[in-house]
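Here is a short set of exercises to work through with the model open beside you. Try each task before reading its solution.

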Amino acid sequence: MANKSTAHPRFGISVVLLTFLLILSGQTVQAMGKKKPHFVDTLKLHGYIDNYGNVRLNNSPLTELPEPFNVEGFLDIEGSQIERLPDGLTVKGYVNASNTRLTRFPKIDVGGYINLTNSKVAVLPQGFKVNGDLSLSGTPIAALPRRLNVKGNLYLSNTRVKLLPPDLSVGGDLYLRGSPVSTIPETVRVGGRIYR
């Protein structure tokens, strides 16, 4: 005579429901315990940040940077796909953004020179201060902002700049070859030589 064990239908449904809830809660706890990878950690993992805090994104598929973003060394995005730099960016070293799709450069804190050669930059912020050289050679920029202060050399070769702002300050040399600048206001301060 075979033993027939019959379970109550309600008991079977309760066990299934309880099992499902335990699995669901376990997945939720596990998901909550996982941390999303930090942007900087991801860059380090892919070799875009070295041990000195320098960031090289020349061949990166990235199109933008997070905000805020603090670079301990230099930022090199030459020839990259990046079209915009965040306003919350700080760079202790220099910025090399030559041959990029950038159309504007934000008023950010950069410790060294800024290279925008052959980029699409057409606008700089008013009161912009550069702690080294500023190269705008080969850009579509047509006007410099008021109170532009460049501690190093200013390169305006092959730009569309016709007039220099009267309060322009350049600590080093001023390079104007290939630009339509014809006169220099007497109030413009240039610490080095002017090359036309």
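Strands here are DSSP runs of E with at least two residues, numbered from the N terminus. Keep in mind throughout that this is a predicted model.

**Exercise 1. Find the strand that holds Ser-135, and describe the surroundings of this residue.**

Step 1: Ser-135 belongs to strand β9.

Step 2: Next, its exposure. The relative accessible area of Ser-135 is 11%, and buried means under 20%, so Ser-135 is buried.

Step 3: Now look for a polar partner. The side chain of Ser-135 makes a polar contact with the side chain of Thr-117, at 2.6 Å.

Step 4: Leaving out residues up to four places away in sequence, Ser-135 touches Ile-114, Asn-115, Leu-116, Thr-117 and Tyr-155.

**Exercise 2. Do the same for Asn-96: which strand holds it, and which side chain is its polar partner?**

Step 1: Asn-96 lies in strand β5.

Step 2: With a relative accessible area of 9%, Asn-96 is buried.

Step 3: The side chain of Asn-96 makes a polar contact with that of Asp-76, at 3.3 Å.

Step 4: Asp-76 also appears among the residues that Asn-96 touches beyond four places in sequence; the others are Leu-75, Ile-77, Glu-78 and Asn-115.

**Exercise 3. Place β5 and β9 in their sheet, and work out which strands stand at the edges.**

Step 1: Read off the strand order. An open sheet of eight strands runs β1-β3-β5-β7-β9-β11-β13-β15, with parallel pairing.

Step 2: β1 (55–56) and β15 each have a single partner strand, so they stand at the edges and one side of each is left without a neighbour in the sheet.

Step 3: Check one pairing in detail. β1 and β3 run parallel and are joined by two bridges. Val-55 stands opposite Leu-75 in β3.

Step 4: Compare with another open sheet, where four strands follow the order β8-β10-β12-β14, again with parallel pairing. Its edge strands are β8 and β14 (189–190), each pairing on one side only.

Step 5: In this sheet, two bridges link β8 to β10 (residues 149–150) in the parallel sense. Lys-129 has Asn-149 in β10 as its bridge partner.

**Exercise 4. Is Asp-133 buried or partly exposed, and what does it touch?**

Step 1: Asp-133 sits in the loop between β8 (129–130) and β9 (134–135).

Step 2: Its relative accessibility is 28%, so Asp-133 counts as partly exposed.

Step 3: Beyond four places in sequence, Asp-133 touches Tyr-113, Ile-114, Val-150, Gly-152, Asn-153 and Tyr-155.

Step 4: Asn-153 deserves a second look: its backbone nitrogen lies 2.7 Å from a polar atom of the Asp-133 side chain.

Step 5: For a C-alpha distance, take Gly-112. It is 21 residues from Asp-133 along the chain, and the two C-alpha atoms are separated by 7.6 Å.

**Exercise 5. Explain why the rings of Phe-74 and Tyr-94 count as stacked.**

Step 1: The model has five aromatic pairs. The ring centres of Phe-74 and Tyr-94 are 4.7 Å apart and the planes stand at 10 degrees, so this pair is stacked.

Step 2: Phe-74 lies in the loop between β2 (69–71) and β3 (75–76), and Tyr-94 in the loop between β4 (89–91) and β5 (95–96), so the pair ties together parts that are 20 residues apart in sequence.

Step 3: Phe-74 is buried at 13% relative accessible area, whereas Tyr-94 is partly exposed at 23%.

Step 4: Try a second pair. Tyr-175 and Tyr-195 have ring centres 4.8 Å apart and planes at 10 degrees, so they too are stacked. Tyr-175 is in strand β13 (residues 174–175) and Tyr-195 in strand β15 (residues 194–195), so this pair also ties together parts 20 residues apart in sequence.

Step 5: Finally, Phe-74, Tyr-94 and Tyr-113 form one aromatic cluster.

**Exercise 6. Which residues have the most contacts inside the largest nonpolar core?**

Step 1: This core has 40 residues, and those with the most contacts inside it are Phe-105, Leu-134, Leu-144 and Leu-154.

Step 2: β2 and β4 each supply at least two of the core residues.

Step 3: Follow Leu-154 outward: beyond four places in sequence, its contacts include Leu-134, Leu-144, Leu-168 and Tyr-175.

**Exercise 7. Decide where to read the model with caution.**

Step 1: The average pLDDT is 84, and 76% of the residues score at least 70.

Step 2: Over residues 15–37 the pLDDT is below 50, and this stretch has one contact in the model beyond near neighbours in sequence.

Step 3: Where pLDDT is low, the predicted coordinates should not be read in detail.

Note on methods: Residues numbered from 1 in each chain as written. Predicted model: local features only at pLDDT ≥ 70, side-chain atom pairs only at ≥ 80, totals over all residues. Heavy atoms only, no water. Buried < 20%, exposed > 50% of the residue type's maximum accessible area, 1.4 Å probe, protein only. Contact = heavy atoms within 4.5 Å. Polar contact = N/O pair within 3.5 Å; in protein donor to acceptor, adjacent residues only side chain to side chain. Phe/Tyr/Trp six-rings, centres within 6.5 Å; stacked < 30°, edge-to-face > 60°. Core = buried A, V, L, I, M, F, W, Y, C linked by side-chain atoms within 4.5 Å. Pairing = 2+ DSSP bridges. pLDDT = per-residue confidence, 0-100.
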